[in-house]
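Hi everyone, thanks for making time this morning. I'd like to walk you through one chain, so let's bring it up on the screen.

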Amino acid sequence: MKSLIVPPVVAFTLLMSSCGDGKADAVKQMAAVADSIKAASTIKLAEHHLPLSVQVPVGLPAATVLWKDEVGKLSVRAGDHFALEIYEAPADMDRLKADLDRDLLKKNTILEDKPELLIYRSEFPDDSTLVFHHFNRSIAVGDRTFQVEDLREGEPFSLQDIRRMAAAVQGEKPL
(Lines give C-alpha, C1' and ligand atoms only; values in the text may rest on other atoms or scores of the structure.)
Protein backbone atom coordinates (compact mmCIF):
# COMPACT_ATOMS: atom_id res chain seq x y z
CA MET A 1 0.00 0.00 0.00
CA LYS A 2 1.18 3.41 -0.80
CA SER A 3 0.74 6.09 1.81
CA LEU A 4 -0.58 9.46 0.90
CA ILE A 5 1.57 12.25 2.22
CA VAL A 6 -0.04 15.66 2.11
CA PRO A 7 2.18 18.69 2.55
CA PRO A 8 1.30 20.62 5.76
CA VAL A 9 0.21 23.79 3.91
CA VAL A 10 -2.24 21.87 1.73
CA ALA A 11 -3.56 19.95 4.75
CA PHE A 12 -4.13 23.18 6.68
CA THR A 13 -5.93 24.77 3.71
CA LEU A 14 -8.19 21.75 3.27
CA LEU A 15 -8.94 21.64 6.98
CA MET A 16 -9.85 25.35 7.20
CA SER A 17 -12.00 25.36 4.09
CA SER A 18 -13.95 22.30 5.17
CA CYS A 19 -14.54 23.30 8.80
CA GLY A 20 -15.42 27.00 8.91
CA ASP A 21 -17.13 28.61 11.88
CA GLY A 22 -20.56 28.79 10.19
CA LYS A 23 -20.82 32.57 10.51
CA ALA A 24 -21.14 33.13 6.77
CA ASP A 25 -23.94 30.57 6.53
CA ALA A 26 -25.67 32.06 9.58
CA VAL A 27 -25.53 35.55 8.05
CA LYS A 28 -27.05 34.24 4.81
CA GLN A 29 -29.83 32.45 6.72
CA MET A 30 -30.58 35.52 8.83
CA ALA A 31 -30.78 37.70 5.72
CA ALA A 32 -33.18 35.23 4.11
CA VAL A 33 -35.37 35.24 7.24
CA ALA A 34 -35.35 39.05 7.36
CA ASP A 35 -36.35 39.22 3.68
CA SER A 36 -39.21 36.79 4.24
CA ILE A 37 -40.42 38.73 7.28
CA LYS A 38 -40.36 41.99 5.32
CA ALA A 39 -42.23 40.40 2.45
CA ALA A 40 -44.82 38.89 4.79
CA SER A 41 -45.36 42.19 6.61
CA THR A 42 -46.63 44.10 3.56
CA ILE A 43 -50.39 43.98 3.23
CA LYS A 44 -51.86 44.87 -0.15
CA LEU A 45 -55.37 46.30 0.19
CA ALA A 46 -56.40 45.71 -3.45
CA GLU A 47 -58.85 42.98 -2.40
CA HIS A 48 -60.73 45.70 -0.53
CA HIS A 49 -60.66 47.91 -3.66
CA LEU A 50 -58.11 50.29 -2.14
CA PRO A 51 -54.95 51.13 -4.11
CA LEU A 52 -52.89 51.12 -0.91
CA SER A 53 -50.48 48.89 0.96
CA VAL A 54 -49.62 48.78 4.64
CA GLN A 55 -46.09 47.99 5.79
CA VAL A 56 -46.46 46.44 9.24
CA PRO A 57 -43.22 46.92 11.20
CA VAL A 58 -41.10 43.84 11.80
CA GLY A 59 -41.51 42.28 15.21
CA LEU A 60 -45.23 42.89 15.59
CA PRO A 61 -47.83 40.10 15.61
CA ALA A 62 -49.58 39.19 12.38
CA ALA A 63 -51.90 41.98 11.28
CA THR A 64 -55.66 41.63 11.07
CA VAL A 65 -57.61 43.55 8.46
CA LEU A 66 -61.28 44.23 9.09
CA TRP A 67 -63.70 46.04 6.78
CA LYS A 68 -66.35 47.94 8.75
CA ASP A 69 -69.12 48.18 6.18
CA GLU A 70 -71.51 50.27 8.28
CA VAL A 71 -69.01 53.16 8.53
CA GLY A 72 -66.98 52.48 5.37
CA LYS A 73 -63.65 52.15 7.16
CA LEU A 74 -60.92 49.54 6.98
CA SER A 75 -59.01 48.84 10.18
CA VAL A 76 -55.56 47.27 10.29
CA ARG A 77 -54.32 46.06 13.67
CA ALA A 78 -51.10 44.30 14.71
CA GLY A 79 -50.67 43.96 18.45
CA ASP A 80 -51.09 46.75 20.98
CA HIS A 81 -48.83 49.31 19.28
CA PHE A 82 -50.19 49.32 15.73
CA ALA A 83 -53.84 50.03 14.91
CA LEU A 84 -55.09 52.36 12.20
CA GLU A 85 -58.17 53.10 10.13
CA ILE A 86 -58.35 53.93 6.44
CA TYR A 87 -61.31 55.48 4.66
CA GLU A 88 -61.94 57.35 1.43
CA ALA A 89 -62.67 61.05 1.93
CA PRO A 90 -61.34 64.37 0.66
CA ALA A 91 -58.49 65.96 2.58
CA ASP A 92 -59.56 68.70 4.99
CA MET A 93 -56.72 69.41 7.39
CA ASP A 94 -57.98 72.95 8.00
CA ARG A 95 -61.29 71.61 9.33
CA LEU A 96 -59.46 69.14 11.55
CA LYS A 97 -57.22 71.87 12.98
CA ALA A 98 -60.26 74.08 13.59
CA ASP A 99 -61.99 71.19 15.39
CA LEU A 100 -58.92 70.75 17.57
CA ASP A 101 -58.92 74.46 18.43
CA ARG A 102 -62.62 74.38 19.35
CA ASP A 103 -62.30 71.32 21.62
CA LEU A 104 -63.55 72.44 25.03
CA LEU A 105 -62.66 69.23 26.85
CA LYS A 106 -59.03 68.65 25.85
CA LYS A 107 -55.99 70.80 25.18
CA ASN A 108 -54.63 69.88 21.73
CA THR A 109 -51.10 70.67 20.63
CA ILE A 110 -50.02 70.21 17.03
CA LEU A 111 -46.62 68.51 16.89
CA GLU A 112 -46.24 68.15 13.11
CA ASP A 113 -48.19 70.06 10.49
CA LYS A 114 -47.64 69.21 6.83
CA PRO A 115 -50.17 69.47 3.99
CA GLU A 116 -50.68 65.69 4.01
CA LEU A 117 -49.93 64.87 7.69
CA LEU A 118 -51.06 66.19 11.05
CA ILE A 119 -49.65 64.74 14.29
CA TYR A 120 -51.02 66.14 17.54
CA ARG A 121 -51.13 65.56 21.28
CA SER A 122 -54.38 65.70 23.26
CA GLU A 123 -54.36 66.03 27.01
CA PHE A 124 -56.89 66.66 29.70
CA PRO A 125 -56.02 69.83 31.67
CA ASP A 126 -57.17 68.31 34.96
CA ASP A 127 -55.12 65.12 34.68
CA SER A 128 -51.57 65.20 33.31
CA THR A 129 -51.50 61.39 33.05
CA LEU A 130 -54.16 61.39 30.32
CA VAL A 131 -52.05 62.26 27.30
CA PHE A 132 -52.89 60.87 23.88
CA HIS A 133 -51.04 61.17 20.55
CA HIS A 134 -52.98 61.03 17.28
CA PHE A 135 -52.38 61.48 13.57
CA ASN A 136 -54.34 62.09 10.40
CA ARG A 137 -52.70 61.52 7.04
CA SER A 138 -54.09 62.16 3.59
CA ILE A 139 -52.95 60.01 0.65
CA ALA A 140 -53.90 60.79 -2.94
CA VAL A 141 -53.77 57.93 -5.45
CA GLY A 142 -54.94 58.83 -8.93
CA ASP A 143 -58.22 60.71 -8.56
CA ARG A 144 -59.00 59.15 -5.16
CA THR A 145 -58.06 60.51 -1.73
CA PHE A 146 -57.78 58.42 1.43
CA GLN A 147 -57.58 59.38 5.08
CA VAL A 148 -55.48 57.33 7.49
CA GLU A 149 -55.72 57.83 11.25
CA ASP A 150 -54.93 55.97 14.43
CA LEU A 151 -57.61 53.71 15.84
CA ARG A 152 -58.85 55.45 18.96
CA GLU A 153 -59.74 52.51 21.13
CA GLY A 154 -57.65 50.60 23.63
CA GLU A 155 -54.36 51.71 25.09
CA PRO A 156 -52.96 55.11 24.05
CA PHE A 157 -50.15 55.14 21.52
CA SER A 158 -46.72 56.66 22.10
CA LEU A 159 -45.44 59.34 19.76
CA GLN A 160 -43.08 56.75 18.24
CA ASP A 161 -46.05 54.42 17.55
CA ILE A 162 -47.94 57.28 15.89
CA ARG A 163 -45.03 58.22 13.62
CA ARG A 164 -44.54 54.57 12.66
CA MET A 165 -48.24 54.13 11.78
CA ALA A 166 -48.36 57.41 9.85
CA ALA A 167 -45.52 56.21 7.62
CA ALA A 168 -46.85 52.65 7.22
CA VAL A 169 -49.48 53.26 4.52
CA GLN A 170 -48.35 53.83 0.94
CA GLY A 171 -50.18 54.42 -2.30
CA GLU A 172 -50.03 51.82 -5.04
CA LYS A 173 -50.76 52.14 -8.73
CA PRO A 174 -54.45 52.99 -9.23
CA LEU A 175 -56.73 49.98 -9.73
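**The chain and its three-stranded sheet**

Let's begin at the surface: the accessible area of the chain is about 11500 Å², and carbon and sulfur atoms account for 58% of that. Please keep in mind that what you're looking at is a predicted model. Of the 175 residues in the chain, 31% are buried.

Now the layout. We have four helices and 10 strands. Reading from the N terminus, the order is α-α-β-β-β-β-β-α-β-β-β-β-α-β. As for contacts between residues at least 6 apart in sequence, 45% of them link residues at least 24 apart.

Let me turn to one sheet that I'd like you to look at with me. Three strands form an open sheet in the order β1-β2-β10, and the pairing is antiparallel. Which strands stand at the edges? They are β1, residues 42–44, and β10, residues 169–171; each has a single partner strand, so one side of each has no neighbour in the sheet. On average, neighbouring strands here are turned by 25° against each other, ignoring direction.

Let's zoom in on the pairing of β2 with β10. Strand β2 covers residues 52–55, and three bridges connect it to β10, the two running antiparallel. If you want a spot to click on, Ser53 sits opposite Gln170 of β10.

And what packs on this sheet? That is helix α4, residues 159–168, which touches both β2 and β10. The direction of α4 makes about 20° with that of β10.

That's my tour, and I'm happy to rotate the view for anyone.

Note on methods. Residues are numbered from 1 along each chain as its sequence is written. This is a predicted model: local features need pLDDT of at least 70, side-chain atom pairs count only at pLDDT 80 or more; totals for chains, interfaces and linings use all residues. Side-chain values use heavy atoms; hydrogens and water are left out. Two strands pair if DSSP finds at least two bridges between them. Axes are lines fitted to C-alpha atoms, for helices over the stretch in contact, and angles run from 0 to 180 degrees between N-to-C directions. Contact means heavy atoms within 4.5 Å. Buried means under 20% relative accessible area, exposed over 50%, partly exposed in between (1.4 Å probe, protein chains only). Accessible areas come from the Shrake-Rupley method with a 1.4 Å probe; for residues, only the protein chains shown count as cover.
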